[in-house]
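Here is a brief report on one protein and its two ligands. Keep the viewer open while reading.

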Amino acid sequence: MKFIRLLSVVWALMIGAAWAADSVPTGHSFHDNARGPAGIMEMTKPPVLGNAINDDVRRTRNYTWQPPTIPHRVDGYQVDKNFNKCMDCHSRAKAEVSQAVPVSITHYMTREGQTLGQVSTRRYFCMQCHVSQENARPIVENKFMDVDSLILKRASTGNAAKR
Ligand code: HEC
Ligand code: HEC
């Protein structure tokens, strides 16, 4: 008898938890920085894209394998099976004329590590990884610190020996 009572309490708790989990995303008290108060199942109107930064200043990478951000506009650049506008400037052969940074060797490598004569299919769609920048305020706080800043901070606070 005791066991059955315990079982029904556990059962009631489980139903309660499922109901609580269910009610969060659809309720209008739910707020997301990117979407506002809209529930997860609702569609929101995406904000209009502004003017991408076009200052031609290459930016620091935050870590070794970060794909560098694009310091110029890319509106309307054709990248499809017929033509890759990015490679029109960024291929090894075009660098001298375009003065663009040629894509690195990794862009010519297959996933087996074989180096090809042409850009590898896995790196063909540049904007999967590289993005131009907007002059927008970040909607989510980011406390990421690159390794150089971290070392500097440690040195200046005298914490270098600790931890
Ligand atoms: C008309 C030539 C041209 C085209 C087309 C072009 N770029 Fe560039 N790109 C440059 C030049 C020149 C730079 C060097 C910085 C500058 O002058 O803007 C550069 C810089 C970059 C950088 C920064 C590299 C670094 O090390 O910081 C990235 C990433 C990049 N471009 C990606 C792209 C992508 C992706 C496309 C296609 C959507 C593209 N570019 C199309 C000329 C071009
Ligand atoms: C799968 C992700 C990915 C794709 C797709 C990709 N890149 Fe990259 N790219 C990177 C990463 C990661 C780096 C930095 C490390 C490296 O060189 O591999 C990089 C580096 C670069 C650099 C700087 C090279 C240097 O030596 O400083 C340029 C320019 C660049 N990419 C342009 C392009 C262009 C143009 C395309 C499309 C043809 C492209 N990338 C496609 C990930 C990608």
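Which residue follows helix 4, and what is the sign of its phi? Gly 158 comes right after helix 4, and its phi is positive, near 70 degrees. The coordinates are those of a predicted model.

**Fold**

The protein has four helices and zero strands. Read from the N terminus, the order of elements is α-α-α-α. Of the 163 residues in the protein, 16% are buried. Take the contacts with a separation of 6 or more: 34% of them join residues 24 or more positions apart. Helix 4 is hardly covered, since zero of its 11 residues count as buried.

Two residues that are not glycine have a positive phi. Asp 56 is one of them, at about 60 degrees. Asp 56 sits in the loop between helix 1 (2–26) and helix 2 (87–90). With a relative accessible area of 57%, Asp 56 is exposed; the cut-off for that class is over 50%. Gln 99 also has a positive phi of about 60 degrees without being a glycine. Gln 99 belongs to the loop between helix 3 and helix 4. Its relative accessible area is 66%, so Gln 99 is exposed.

**Iron sites**

Start with ligand 1. Its iron atom takes His 72 (NE2) and His 90 (NE2) as protein donors, each 2.0 Å away. The site has six donor atoms, and their angles run from 86 to 178 degrees, so the arrangement is octahedral. This pair links distant parts of the chain: His 72 lies in the loop between helix 1 and helix 2, His 90 lies in helix 2, and they are 18 residues apart.

Now ligand 2. His 107 (NE2) and His 130 (NE2) coordinate its iron atom at 2.0 Å. Six donor atoms surround this iron atom too, with angles of 87 to 178 degrees, and the site is octahedral. Both histidines lie in the loop between helix 3 (95–98) and helix 4 (147–157), so the pair ties together parts that are 23 residues apart in sequence. For reference, ideal angles for six octahedral donors are 90 or 180 degrees.

How do the four histidines rank as buried or partly exposed? Buried means under 20% relative accessible area. The table gives each value.

| Residue | Iron atom | Relative accessibility | Class |
|---|---|---|---|
| His 72 | ligand 1 | 22% | partly exposed |
| His 90 | ligand 1 | 22% | partly exposed |
| His 107 | ligand 2 | 12% | buried |
| His 130 | ligand 2 | 17% | buried |

**Pockets**

The largest pocket has a volume of about 970 Å³. It is lined by 38 residues, and those closest to its centre are Pro 68, His 90, Val 103, His 107 and His 130. Among these, His 90 is a donor to the iron atom of ligand 1, while His 107 and His 130 are donors to the iron atom of ligand 2. The lining divides into 20 nonpolar, 11 polar and seven charged residues.

What is the volume of the second largest pocket? It comes to about 390 Å³. Its lining includes Ile 53, Asn 62, Gln 133 and Glu 134. Ala 136, Pro 138, Val 140, Asn 142 and Phe 144 line the second largest pocket as well. By class, this lining has five nonpolar, three polar and one charged residue.

Methods:
Residues are numbered from 1 along each chain as its sequence is written. Chains are lettered from A and ligands numbered from 1 in the order in which they are written. This is a predicted model: local features need pLDDT of at least 70, side-chain atom pairs count only at pLDDT 80 or more; totals for chains, interfaces and linings use all residues. Side-chain values use heavy atoms; hydrogens and water are left out. On a 1 Å grid over the protein atoms alone, a cavity is a set of points where a 1.4 Å probe fits but cannot get out, and a pocket is an open set with protein on both sides within 12 Å along at least five of seven lines; lining residues have an atom within 4 Å of a point. Grid points are joined across faces, edges and corners, and a volume is the space filled by probe spheres set on the points. Ala, Val, Leu, Ile, Met, Phe, Trp, Tyr, Cys and Pro count as nonpolar, Asp, Glu, Lys and Arg as charged, and the others, Gly among them, as polar. Donors are N, O and S atoms within 2.8 Å of the metal (3.2 Å for Na, K and Ca); water is not among the atoms, so sites may look incomplete. Four donors count as tetrahedral if all angles lie between 85 and 135 degrees; four count as square planar and six as octahedral if opposite donors are over 155 degrees apart and all others between 65 and 115; anything else is irregular. Buried means under 20% relative accessible area, exposed over 50%, partly exposed in between (1.4 Å probe, protein chains only). Contact means heavy atoms within 4.5 Å.
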